[in-house]
Amino acid sequence: MKIAPLAEVKDRLSAYIDAAKESAIVVTRNGKPVALLTPILEDDDLDSLLLTHDRRFTRLLAQARERVRAGRYLTNEQFWRELRRRGTRRSTRRSAKRVRRGQAR
């Protein structure tokens, strides 16, 4: 991992972006780390980075982990059964609305 001052990175940003493909670069201001240049090689990398730094997502993930630890979760089979049950109910309601509006397919 390379460390570079902000002024130098600003002057040679393109070169630092190319260098970041090999190894992440810590950018400093007044000797203190302020940013990280890291390569994004695939779209999945970007998605992962964005989710990792999304406070709402990390809060939801922590809550979900706590529910699992407490034994409050659905098995995979229960999840899909519930999803099918809800989906059937919703599609039935949509069909009924279409019939009432005269939009039946």
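Colleague: I'm new here, so let me start with one residue: what is the relative accessible area of Trp80?
Modeller: First, this is a predicted model, so local features need pLDDT of at least 70 and side-chain atom pairs count only at pLDDT 80 or more, while totals for chains, interfaces and linings use all residues. Residues are numbered from 1 along each chain as its sequence is written, and side-chain values use heavy atoms, with hydrogens and water left out. On the accessibility scale, buried means under 20% relative accessible area, exposed over 50%, and partly exposed in between (1.4 Å probe, protein chains only). Trp80 counts as partly exposed because its relative accessible area is 43%.

Colleague: Which residue forms an aromatic pair with Trp80?
Modeller: Rings of Phe, Tyr and Trp (its six-membered ring) pair if their centres lie within 6.5 Å; planes under 30 degrees apart are stacked, over 60 edge-to-face, and the rest tilted. That rule gives a count of one aromatic pair. At 5.1 Å centre to centre and 80° between the planes, it is edge-to-face, and the partner of Trp80 is Phe79.

Colleague: Over to the sheet: what is the order of its three strands?
Modeller: Helices (H or I, at least four residues) and strands (E, at least two) are DSSP runs, numbered from the N terminus. Two strands pair if DSSP finds at least two bridges between them. The edge strands, each pairing on one side only, are β1 (2-5) and β3 (32-37). The sheet is open with mixed pairing, and its order is β1-β2-β3.

Colleague: Which helix lies across β1, β2 and β3?
Modeller: Axes are lines fitted to C-alpha atoms, for helices over the stretch in contact (heavy atoms within 4.5 Å). Angles run from 0 to 180 degrees between N-to-C directions. Running at about 140° to β2, the helix you want covers residues 13-20 and is α2.

Colleague: Does Thr28 count as buried or exposed?
Modeller: Thr28 lies in strand β2 and stands opposite Pro33 in β3. Leaving aside neighbours within four places in sequence, Thr28 has contacts that include Ile3, Leu6 and Val34. Its relative accessibility is 11%, so Thr28 counts as buried.

Colleague: And where does Asn30 lie?
Modeller: Asn30 is not a glycine, yet its phi is positive, near 55°. Because its relative accessibility is 75%, Asn30 counts as exposed. Its place is the loop between β2 and β3.

Colleague: Which six residues make up the largest nonpolar core?
Modeller: A nonpolar core is a set of buried Ala, Val, Leu, Ile, Met, Phe, Trp, Tyr and Cys residues joined through side-chain atoms within 4.5 Å. One member, Val9, is in contact with residues including Ala4, Tyr16 and Val27. The full set is Ala4, Val9, Tyr16, Ala20, Ile25 and Val27.

Colleague: Last one: which residues are linked with Glu82 in a network of salt bridges?
Modeller: A salt bridge is a side-chain nitrogen of Lys or Arg within 4 Å of a carboxyl oxygen of Asp or Glu. Glu82 meets Arg85 at 2.4 Å, N to O, and Arg86 at 2.8 Å, N to O. Arg85 is three residues from Glu82 in helix α5 (residues 76-101), so about one helical turn separates them; Arg86 is four residues from Glu82 in α5, so about one helical turn separates that pair too. The residues networked with Glu82 are Arg85 and Arg86.
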